[in-house]
Amino acid sequence: MSDTSYIFDATSTDFEQSVIQNSFHKPVLVDFWADWCAPCKALMPLLAQIAESYQGELLLAKVNCDIEQDIVMRFGIRSLPTVVLFKDGQPVDGFAGAQPESAIRAMLEPHVQPPATPEGNLLDAAQAAFSEGRIAEAENLLKQLLTEDNTNAAGLILYARCLAERGELGEAETVLNAVKSDEHKQALAGARAQLTFLRQAADLPEVADLKSRLAQNAGDDEAAYQLSVQQLARQQYEPALDALLKLFVRNRGYENGLPHKTLLQVFDLLGNDHPLVATYRRKLYNAIY
């Protein structure tokens with residue numbers, strides 16, 4: 001991980017300037033770490049990614065506790081990793097131990113100014129973050145967008161998908177119900193399909209049980225369909241599409257054509273530009289005709 005103007009090592013020599021004085025201008029997140037600490041090494045790239053996403057509105061200082069014993073003693077650091085947020089010369093928040101991205105961003109949100117993103121780019125940035133699995137970052141960008149325009153249909157749909165990924169299914173449905181525009185019908189249908197798969201999966205047998213049933217009987221259509229839904233809920237789209245297509249070919253009348261209907265729902269969920277959609281639309285067409 002290379003240092004930048006807002007990600008740097010802090011030492012006993014420069015701590016007063018690099019952390020304390022800098023914190024009067026920008027919040028400084030201090031990562032206390034050591035080379036022997038495996039959780040530290042896992043956390044550091046995540047902290048760097050978060051700092052970079054703030055585009056200079058947050059500084060990240062790294063303190064090697066094996067070397068900088070004076071700083072460790074000064075702040076009473078007892079376990080690693082420990083992360084402390086400094087603002088206006090004082091520690092204002094922090095945590096010990098590895099934390100998920102969503103928890104770290106929630107801790108930072110009251111203290112750190114979001115990066116200035118032109119309104120027209122907020123949705124694109126949120127979409128890119130969502131596609132890369134940075135759900136909390138996407139959600140923060142969408143909150144900015146929807147604060148300025150709470151009728152933005154594309155923003156509402158993507159925000160609902162973020163909520164669904166966090167398991168907030170009821171809230172996600174409320175957000176989708178607020179979409180009044182007909183401009184994004186396919187995206188709306190995809191978001192509703194995502195909610196459907198997540199809700200269905202919660203009531204289905206465990207994946208291991210379904211795989212065991214199929215190992216004993218490869219023709220168990222119910223187990224095959226239920227496993228595909230579990231895979232869809234986990235974003236394992238290719239094996240789910242493959243299983244649904246095979247089920248359609250083997251028993252296209254299963255549950256009044258449910259495999260076919262579900263394939264179409266997945267196409268809506270992924271969107272026409274997704275490479276899997278092009279591949280499986282063609283395979284479905286060949287299977288039908």
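Q: Why is D31 described as buried yet without a salt bridge?
A: In this predicted model, D31 is buried, and the nearest side chain of opposite charge, that of K62, is 7.6 Å away. A salt bridge requires a side-chain nitrogen of Lys or Arg within 4 Å of a carboxyl oxygen of Asp or Glu, so D31 is left without such a partner at the 7.6 Å given for K62.

Q: What surrounds D31, once its neighbours within four places in sequence are left aside?
A: D31 is found in strand β2, residues 28-33, and its contacts include M44, L47, L60, A61, K62 and V63, together with P81, T82 and V83. Contact here means heavy atoms within 4.5 Å, so K62 can appear among the contacts of D31 although no salt bridge is assigned to D31.

Q: What makes the pair K62 and D9 a salt bridge?
A: The side chains of K62 and D9 meet at 3.9 Å, N to O, and since the cut-off is 4 Å, the pair qualifies as a salt bridge. K62 lies in strand β3 (residues 59-64) and D9 in strand β1, so the pair ties together parts that are 53 residues apart in sequence.

Q: How do you know whether K62 and D9 are buried or exposed?
A: Buried means under 20% relative accessible area and exposed over 50%, with partly exposed in between. K62, at 6%, therefore counts as buried, whereas D9, at 41%, counts as partly exposed.

Q: What makes R105 and E137 a salt bridge, and where in the chain do the two residues lie?
A: Their side chains meet at 3.4 Å, N to O, which is within the 4 Å limit. The pair links distant parts of the chain, with R105 in helix α4 (residues 101-108) and E137 in helix α6 (residues 135-148), 32 residues apart.

Q: Why are R105 and E137 called buried?
A: The threshold for buried is under 20% relative accessible area; R105 has 4% and E137 has 13%, so each counts as buried.

Q: What makes R166 and E168 a salt bridge, and why are they called partly exposed?
A: The N to O separation between the side chains of R166 and E168 is 4.0 Å, which is accepted as a salt bridge. R166 has a relative accessible area of 42% and E168 has 34%, and because partly exposed covers the range between the 20% and 50% limits, both fall into that class.

Q: Which residues are joined into one network by salt bridges that share partners?
A: The network consists of E101, R105, E132, R134 and E137, and a search of the whole structure finds 15 salt bridges.

Q: Why can the buried residues of α8 be placed on the same side of the helix?
A: In helix α8 (residues 169-177), L169, A172, V175 and L176 are buried. They cover an arc of only 120° around the axis, which puts them on the same side of α8. The buried residues of α8 pack against α7 (153-165) and α9 (185-202).

Q: Why is P27 called buried, and what is it in contact with?
A: P27, in the loop between α1 (15-21) and β2, has a relative accessibility of 9%, and because the limit is under 20%, P27 counts as buried. Leaving aside neighbours within four places in sequence, P27 is in contact with E57, L58, L59, L85, F86, H111 and V112.

Q: Why is A10 called buried?
A: A10 is found in the loop between β1 (7-9) and α1, and its relative accessible area of 2% falls under the 20% limit, so A10 is classed as buried. The C-alpha atoms of A10 and L60, which are 50 residues apart along the chain, are separated by 9.3 Å.

Q: What marks out the phi values of D88 and Q235?
A: Most residues other than glycine have a negative phi. Phi of D88, however, is near 55°, and phi of Q235 is near 65°. D88 is found in the loop between β4 and β5 (90-96), and Q235 in the loop between α11 (221-233) and α12 (237-250).

Q: How do you know that Y289 is exposed?
A: Its relative accessible area is 70%, and because exposed means over 50%, Y289 belongs to that class. Y289 contributes, with Y285 and I288, to a nonpolar surface patch of about 380 Å².

Technical notes: Residues are numbered from 1 along each chain as its sequence is written. This is a predicted model: local features need pLDDT of at least 70, side-chain atom pairs count only at pLDDT 80 or more; totals for chains, interfaces and linings use all residues. Side-chain values use heavy atoms; hydrogens and water are left out. Buried means under 20% relative accessible area, exposed over 50%, partly exposed in between (1.4 Å probe, protein chains only). Helices (H or I, at least four residues) and strands (E, at least two) are DSSP runs, numbered from the N terminus. The arc is that of the directions from the helix axis to the C-beta atoms. Lys and Arg count as positive and Asp and Glu as negative; His and the chain ends are not counted. Patches are made of residues with over 30% relative accessible area and no salt bridge: like charges are joined within 9 Å, nonpolar side chains (Val, Leu, Ile, Met, Phe, Trp, Tyr) within 5 Å. Accessible areas come from the Shrake-Rupley method with a 1.4 Å probe; for residues, only the protein chains shown count as cover.
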